Amino acid sequence: MVGTQIRFGDGASYELLMGEWSRNAGADFLDWLKPPPGLAWLDVGCGSGAFSGLVVERCAPLSLLGIDPSEGQLNFARGRGLGPEATFKTGDAMQIDLPDNSVDVAIAALVLHFMPEPLRGVSEMARIVRPGGFVAAYTWDIEGGGFPYEAMHRAMLAMDFETPSPPHPEAGNADEMHRLWTDAGLENIRQRQISVSRTFRDFDHYWQVGVLSPRLAAVLGDLAPDQLALLKDTTRSLVPEPVVLRASANAISGRVRG
Ligand SMILES: C[S@@+](CC[C@H](N)C(=O)[O-])C[C@H]1O[C@@H](n2cnc3c(N)ncnc32)[C@H](O)[C@@H]1O
């Protein structure tokens, strides 16, 4: 891992890069979770609000609070106009600014691997959910090759360029997620693998979107034009035509005791 942190500063770029992937995975996740209507939700690491929007559209929440450390992401989420039940605030999964037992469900969508201490994050979610409520998450299976822009990362590796990694890629493994939920004291744990696809118009469309990835942007700016051209060609050789790409995530849900 190189010493650069991955930062999500710009909600509009994130939306182009991940919005469609995020909604595809989120829709599958909600079909599986089947939450009843009228719940108070906390969306931890809500980002640009892609998953928050699905909850509002599909789950008739009593309320939804999205928290994220990135103001750029939160501004995009606020601009969605999701309605009075949805609010977005600066916040950190490591220390959630809510009292114990204050929501029905806490969810972390594509966030666990970015948490500085995933067990602390899951334990915080368990603390603020009422007894009988649930704590759930889904995260790209990064170590299993499930990240949506895996081909670009493979091309970088083939050329010996290092890209920054999220702090805890292992938090996307199904076994590790089970351990986190167990150690946080959650019960009735259920798990599922999510598989999604996204169609790009052609390779150039894929490339234009993929270079918005904060993991890649940290490195691409330093490449000489010939290195960049070679990276593009190497990536092209790893991407199918037509450009329909698959990604996979692991999902988990558990109940708070009581
Ligand atoms: C891959 S995005 C996921 C966004 C959104 N949940 C979705 O499904 O599209 C990861 C988000 O986690 C946020 N994040 C990073 N560290 C965090 C932390 N300690 N607490 C809460 N969110 C964090 C980032 O700012 C970013 O918006």
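Trainee: Which residues come nearest to the ligand, of the 21 around it?
Mentor: Bear in mind that this is a predicted model. By class, the shell holds 14 nonpolar, five polar and two charged residues. Of the 21 residues around the ligand, those that come nearest are Ser22, Gly45, Gly47, Ala93 and Ala109.

Trainee: Which helices each supply at least two residues of the shell around the ligand?
Mentor: The shell has 21 residues. Two of the elements that each give at least two of them are helices, spanning 11-33 and 50-59. These are α1 and α2.

Trainee: Which strands stand at the edges of the sheet?
Mentor: Seven strands form an open sheet with mixed pairing. Their order is β3-β2-β1-β4-β5-β7-β6. An edge strand here has a single partner, so one side of it is left without a neighbour in the sheet. That describes β3 (86-90) and β6 (187-199).

Trainee: By how many degrees are neighbouring strands of this sheet turned against each other on average?
Mentor: The figure is an average over neighbouring strands of the sheet. Direction is ignored. The value is 20 degrees.

Trainee: Which residue in β3 does leucine 64 stand opposite?
Mentor: Strand β2 covers residues 63-68 and runs parallel to β3. Five bridges join β2 and β3. Opposite leucine 64, in β3, stands alanine 86.

Trainee: At what angle does helix α4 run to β5?
Mentor: Helix α4 covers residues 118-128. It lies across β1 (40-44), β4 (103-109) and β5 (129-140). Its angle to β5 is about 150 degrees.

Trainee: Why are α5 and α9 called oblique to each other?
Mentor: Helix α5 (residues 150-158) packs on helix α9 (residues 225-238) with the axes 9 Å apart. The angle is about 125 degrees. The range 65 to 115 counts as roughly perpendicular and over 145 as roughly antiparallel. The pair fits neither range, and is therefore oblique.

Trainee: How many residues of the contact of α5 with α9 are charged?
Mentor: From α5 come Ala151, Met152, Arg154, Ala155, Met156 and Ala158. From α9 come Leu231, Thr234, Thr235 and Leu238. The contact has seven nonpolar and two polar residues, and the number charged is one.

Trainee: Which residues does a cis peptide bond join?
Mentor: Look at the loop between α9 and β7 (244-255), where proline 242 has its place. Omega of the cis bond is about -10 degrees. The bond joins glutamate 241 and proline 242.

Trainee: What is the phi of lysine 34?
Mentor: Lysine 34 is found in the loop between α1 and β1. Its phi is positive, although the residue is not a glycine. The value is about 50 degrees.

Key. Residues numbered from 1 in each chain as written. Predicted model: local features only at pLDDT ≥ 70, side-chain atom pairs only at ≥ 80, totals over all residues. Axes fitted to C-alpha atoms, helices over the stretch in contact; angles between N-to-C directions. Helix = DSSP H or I, 4+ residues; strand = E, 2+ residues; numbered from the N terminus. Parallel < 35°, antiparallel > 145°, perpendicular 65-115°, else oblique. Contact = placed C-beta atoms within 7 Å. Nonpolar A, V, L, I, M, F, W, Y, C, P; charged D, E, K, R; others polar. Pairing = 2+ DSSP bridges. Near = placed C-beta within 6 Å.
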